[in-house]
Structures are given as structure tokens and as C-alpha cells.
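Reader: I've just opened this one and I don't know where to begin. Could you walk me through it?

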Protein chains: 2
Amino acid sequence: MVQQVDGARRAPLNRDRVLRAAVALADNAGIETLSMRNLAQELGVVPMALYKHVANKEQLLDGMVDVVVGEIDPPVSGTDWKVGIRQRILSARKVLLQHPWASRVIESRPQPTPVVLDYLNSIVGMFRAGGFSVDLTHHVMHVLGSRVWGFTQELFPASPLPADPEKQEAMFHEMAGRYPHIAEIAMAAAHDEASVVGHSCDDQFEFEFAVDLLLDGFERLHEQGWTSTNRS
Amino acid sequence: MVQQVDGARRAPLNRDRVLRAAVALADNAGIETLSMRNLAQELGVVPMALYKHVANKEQLLDGMVDVVVGEIDPPVSGTDWKVGIRQRILSARKVLLQHPWASRVIESRPQPTPVVLDYLNSIVGMFRAGGFSVDLTHHVMHVLGSRVWGFTQELFPASPLPADPEKQEAMFHEMAGRYPHIAEIAMAAAHDEASVVGHSCDDQFEFEFAVDLLLDGFERLHEQGWTSTNRS
DNA sequence: ACCTGAACACCGTTCAAGT
DNA sequence: ACCTGAACACCGTTCAAGT
């Protein structure tokens with residue numbers, strides 16, 4: 001009778017509790033802190049106890065992705081394909097922003113889980129319901145890529161700037177000298193919001209801009225009756 | 001005089017030799033096999049000897065990315081922005097396909113190296129030379145995202161099918177039942193090339209389709225005189 | 001001053017011993 | 001039959017001892 005170290009009676013471990021604890025740990029402490037050992041400790045359990053509920057760490061990560069994907073809003077029925085898909089993707093984005101580790105983990109999964117396939121299947125279905133051909137739907141899904149999950153690969157990850165304004169200035173000058181074109185667009189963006197290189201982008205605007213450009217492109221191809229043999 | 005275990009006189013270690021050996025090891029044995037210890041062994045050297053040439057494993061990965069990015073063709077001068085950028089990106093793709101680990105490693109870098117910034121700077125410069133506004137260039141770079149490196153996030157990673165054709169059939173039926181829309185597009189693609197779910201996509205076609213859709217969209221915005229305050 | 005073996009603080013997971 | 005401590009086979013990196 002020494003199994004409860006911290007006095008509180010613990011609910012019996014199950015897969016769901018393990019996954020939720022893993023998500024919480026990744027949210028709070030970062031994905032790099034998530035180890036089977038740390039997770040076990042968090043749950044007041046010996047590391048090997050986890051292996052009763054998840055086969056290994058890979059399955060743990062799969063399960064964590066399922067938890068996150070489960071938070072995405074269900075499709076809104078009775079809407080145009082374009083606004084419906086747009087809403088769904090922006091809902092996915094909202095969820096992803098609450099779990100900053102999730103985009104990276106989604107990308108790392110070698111095999112999609114049923115939950116992931118369900119989500120993708122429903123998005124595919126929304127294009128089909130909007131009248132898209134099987135062929136075109138296939139290709140636009142590829143074009144959407146990871147954006148169906150609400151994220152974009154960041155080309156210029158936001159890097160914390162040196163606090164010292166003098167060093168900031170030096171850094172900026174070096175940028176402008178070596179990478180004039182990058183400096184130019186960074187400058188222009190910074191203008192908008194009293195900000196500087198690296199902190200300058202309104203990520204939500206960039207994301208919506210990209211999604212809308214893609215959806216508009218898809219619409220145009222659809223209206224033109226695009227087929228893979230009749231490439232216009 | 002016992003330092004040369006394998007008899008052959010080894011060239012003195014330097015950063016370049018370390019990076020090239022790391023790239024070769026990742027190419028041949030997979031990125032998961034690349035450890036400081038394995039790399040050292042490959043070079044006939046004690047693990048700690050590597051730390052004279054790279055500060056740590058993160059810097060090693062940065063250096064490996066630089067080697068790969070260095071293989072991308074320089075810009076072809078005297079062309080239209082659209083074909084120039086298209087060529088450059090397809091060249092990047094060719095390089096990336098020779099180093100399957102590289103896309104994942106590029107994505108994982110928290111800070112871009114000078115070599116990476118040079119490449120991005122040159123792409124930005126190609127848009128600017130094509131007459132794109134600073135503003136529009138900024139946003140289209142975000143839309144391009146990881147595609148400037150020649151890769152797309154795969155939504156359905158090619159999964160090896162069970163060799164047993166009976167199991168294949170069972171798998172297919174389950175797919176068609178649970179994920180009818182996915183099954184439908186997978187089926188259609190498979191039709192084209194006597195292939196099956198998961199092996200069905202012509203990745204090069206999908207990539208070029210996406211890049212062309214994006215470049216066409218960019219061109220349209222440019223011609224329409226798009227600005228972020230005058231969103232059409 | 002340079003080089004490097006041993007050690008440290010971790011991993012995920014196996015396995016056999018204990019209940 | 002179930003549970004779990006110790007052990008295994010790894011990591012990246014520090015550090016002190018050896019030359």
C-alpha cells in the first residue's frame with residue numbers, strides 16, 4: 001500500500017488519461033520535454049506502466065494527434081464548398097495554435113490514424129459536394145498540403161531580437177547589406193505594426209491570404225472544367 | 001602511432017569533410033542513423049574529435065543543410081520572373097530528391113544560416129526584378145512556403161502495401177467503406193498508372209501542378225495591381 | 001596546448017524476477 | 001497473471017586526466 005506517493009487517490013490509468021496528460025505536458029513544458037519517463041512521473045506512475053496503454057512512443061504521438069484533431073469543429077452543413085472548407089481550415093488553425101507542438105508532430109507521423117483519415121475524408125467530401133471532379137479534387141488536396149491542418153511552413157521563424165537596441169541596429173544593417181531583398185520586405189512589414197525583422201508578420205493574415213489565393217485558384221479551375229488531360 | 005586503425009592515411013579532419021561525411025551517412029543509412037558517435041566512427045575518429053569542427057549536433061545539421069542548398073542551380077539570368085523562379089524551384093526539388101532527409105531537416109532548423117538566407121534573398125530578388133511590389137512579394141513568399149525548397153508536405157505518405165493481394169483487397173474494401181472520398185480519389189489516380197492506394201501519385205506532377213497554380217495566382221494579383229490596402 | 005577516455009544525465013524499451 | 005525494478009543499448013555533451 002505504498003503506491004500513492006502524493007497521498008491523493010489517483011483515478012486508474014487508461015489510454016485517454018495518458019493521452020490527455022501527454023497533450024497537457026507538451027502544451028505546458030514543450031514537446032522536447034515529453035518523454036515516456038517524464039510523462040510517467042507526471043502521472044505518478046512507473047514508466048513501464050504506460051506501456052499497458054500505448055504500445056510505444058510512436059503510438060503515444062499518434063494518440064496525441066488524434067486528441068488535437070478531435071478538437072477541430074465539425075463541418076458546417078448547408079454552406080458553399082468554399083466558405084465551408086475555409087471555415088473548417090480556420091478552425092483547424094485555431095486548434096493548432098493552442099498546441100504549438102502539434103504541427104510538427106502531425107508532419108512526423110509516418111502513417112495516418114483513422115481519426116486523421118476521417119478529417120481528410122471529410123474535406124475531400126466537401127470538394128466533391130461542391131461539384132469538383134474526382135480528378136481535380138485529388139490535385140487540389142495535394143496543393144493544399146499541410147494547410148488543411150491550419151499551418152504553413154514558416155520560412156523565417158520568428159527569432160527573438162537582441163534586447164540591446166544598438167545590437168538590433170547592427171543586426172539590421174548587416175541584413176540590409178547581405179540580404180537586401182529580404183531586408184526590404186521585412187522593413188515594409190515592420191512598418192505596418194511598429195515591429196522589426198522576425199516579428200513583423202501577421203501570421204493570421206498570411207495564412208488567410210494563402211488559403212484564399214488557393215481556394216480562388218481552385219474555383220477558377222473548377223469553373224473552367226479543368227481535367228488532367230485538358231490542362232488549361 | 002596507433003591512431004590509424006584501418007591502415008589508410010586519413011586526410012586531416014576539417015569542417016567540410018565532417019559535413020560531407022554527415023550528408024553521405026544520412027543519404028546512405030538514413031537520418032535516424034546519423035549520430036555524433038556513428039559519424040565519428042565513419043570518419044575513423046573519436047566522437048569528441050568532431051566537436052573541434054562543429055559546436056554541437058545542431059550546427060552539424062545546419063552545415064548539412066548548407067551543403068544541400070549549395071547544390072541548387074544558380075539563377076538563370078535573362079528570363080521572365082515566372083520561368084526563372086519555376087526553374088530555380090524545380091532545381092531545388094531535384095536536389096532535395098537526392099537527399100530525402102533534407103526537407104525534414106530544413107524544416108527543423110530554428111534559425112536560417114547565411115547560405116539559406118542567400119537562397120531566399122535571391123528568390124525574393126527575382127520577384128522584385130519581375131516588377132512585384134515589396135508588399136506583394138512579401139506575401140507570395142509566405143504562400144510559397146516550403147515549396148521554395150522543392151517539397152510539399154505529403155498528406156498521404158506512401159505506405160508499403162501488404163504483398164499478399166488478398167490482404168490488399170481487404171484493405172481496399174475497408175478504405176472504401178470508412179473513407180469513401182479518399183478511396184475515390186485514390187482509385188482514380190491508381191487508374192492512370194496500374195498502381196494502388198498510397199503508391200498512386202505522380203509526385204512530380206503534383207508538385208508542378210501546385211507551383212504553377214501558385215505562380216499563376218501570383219501573376220494575376222501582380223497584373224491586377226494588388227496591394228494589401230486594396231484587396232481584390 | 002591539445003587530445004581523448006571516462007563519465008554524466010539522459011533516452012525508449014526489454015526482460016526477468018518478484019508478488 | 002500482473003506489475004515493475006533493473007538492465008540494455010543507445011544518445012549528446014562535459015570534464016578532467018593524460019600526453
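**Salt bridges and their surroundings**

Author: Let's start with a pair of residues: D62(A) and R109(A) are both buried. Keep in mind that this is a predicted model.

Reader: Which kind of link do the side chains of D62(A) and R109(A) meet in?

Author: Here's the general idea: side chains of opposite charge can pair when their charged atoms come close. In this case, D62(A) and R109(A) form a salt bridge, at 3.5 Å from N to O. That pair ties together distant parts of the chain, with D62(A) in helix α3 of chain A and R109(A) in the loop between α5 (102-108) and α6 (114-129), 47 residues apart.

Reader: Which residues are linked with D62(A) and R109(A) in a network?

Author: E58(A) is the other member: E58(A), D62(A) and R109(A) are linked in a network of salt bridges.

Reader: How many salt bridges are there over all chains?

Author: The count comes to 18 over all chains. Let's look at another of them, where the side chains of K82(A) and D216(A) meet at 2.7 Å, N to O. This pair also links distant parts of the chain: K82(A) is in helix α4 of chain A, D216(A) is in helix α10 (residues 203-223), and they are 134 residues apart.

Reader: Is K82(A) buried or exposed?

Author: To read that, you need the cut-off: buried means under 20% relative accessible area, exposed means over 50%, and partly exposed is in between. K82(A) has a relative accessible area of 19%, so it counts as buried. Its partner D216(A) has 32%, so D216(A) is partly exposed.

Reader: Which residues is K82(A) in contact with, leaving aside its neighbours within four places in sequence?

Author: They are L215(A), D216(A) and E219(A). As for K82(A) itself, you'll find it in helix α4, which covers residues 81-98 of chain A.

Reader: What about chain B? Which residue forms a salt bridge with R86(B)?

Author: That's D212(B), and the closest N and O atoms of the two are 2.6 Å apart. Here too the pair links distant parts of the chain, with R86(B) in helix α4 (residues 81-98) of chain B and D212(B) in helix α10 (residues 203-223), 126 residues apart. R86(B) counts as partly exposed because its relative accessibility is 26%. D212(B) is partly exposed as well, with a relative accessible area of 26%.

**A buried tyrosine**

Reader: I'm also looking at Y179(B). Where is it found?

Author: Find the loop between α8 (165-178) and α9 (180-192) of chain B, and Y179(B) is there. A loop residue can be checked for burial like any other. Y179(B) has 4% relative accessibility, so it counts as buried.

Reader: Which residues does Y179(B) touch, not counting residues up to four places away in sequence?

Author: Watch the chain letters when you read this list. Y179(B) touches P114(A), L117(A), D118(A) and N121(A) from chain A, along with E174(B). Its side chain also has a polar contact of 3.3 Å with the side chain of R178(B). For a sense of spacing, the C-alpha atoms of Y179(B) and L161(B) are 17 Å apart, and the two residues are separated by 18 residues along the chain.

**Chain A as a whole**

Reader: How many helices and strands does chain A have?

Author: Chain A has 10 helices and zero strands. Of its 232 residues, 45% count as buried. You can also ask how far apart in sequence the touching residues are: among contacts in chain A between residues at least 6 apart, 71% join residues at least 24 apart. The accessible surface of chain A comes to about 11800 Å², and 54% of that belongs to carbon and sulfur atoms.

Reader: Which residues of chain A does UniProt give for the feature "domain: HTH tetR-type"?

Author: The UniProt record, an unreviewed entry, places that feature at residues 12-72 of chain A. In the model, that span is 57% helix and 0% strand, with its end C-alpha atoms 28 Å apart. UniProt also lists residues 35-54 of chain A as "DNA-binding region", again from an unreviewed entry. Residues 35-54 are 35% helix and 0% strand, and their end C-alpha atoms lie 13 Å apart.

Reader: Which residues make the nonpolar surface patch?

Author: V46(A), M48(A) and Y51(A) make a patch of about 320 Å². Take M48(A), in the loop between α2 (36-42) and α3 (57-69) of chain A. M48(A) is exposed, because its relative accessible area is 57%.

Conventions
Residues are numbered from 1 along each chain as its sequence is written. Chains are lettered from A and ligands numbered from 1 in the order in which they are written. This is a predicted model: local features need pLDDT of at least 70, side-chain atom pairs count only at pLDDT 80 or more; totals for chains, interfaces and linings use all residues. Side-chain values use heavy atoms; hydrogens and water are left out. Helices (H or I, at least four residues) and strands (E, at least two) are DSSP runs, numbered from the N terminus. Buried means under 20% relative accessible area, exposed over 50%, partly exposed in between (1.4 Å probe, protein chains only). Contact means heavy atoms within 4.5 Å. A polar contact is a pair of N or O atoms within 3.5 Å; within protein, one must be able to donate a hydrogen and the other to accept it, and residues adjacent in sequence count only if both atoms are side-chain atoms. Patches are made of residues with over 30% relative accessible area and no salt bridge: like charges are joined within 9 Å, nonpolar side chains (Val, Leu, Ile, Met, Phe, Trp, Tyr) within 5 Å. Accessible areas come from the Shrake-Rupley method with a 1.4 Å probe; for residues, only the protein chains shown count as cover. A salt bridge is a side-chain nitrogen of Lys or Arg within 4 Å of a carboxyl oxygen of Asp or Glu. UniProt positions are given in the numbering used here, feature names are shortened, and annotations may be inferred rather than shown by experiment.
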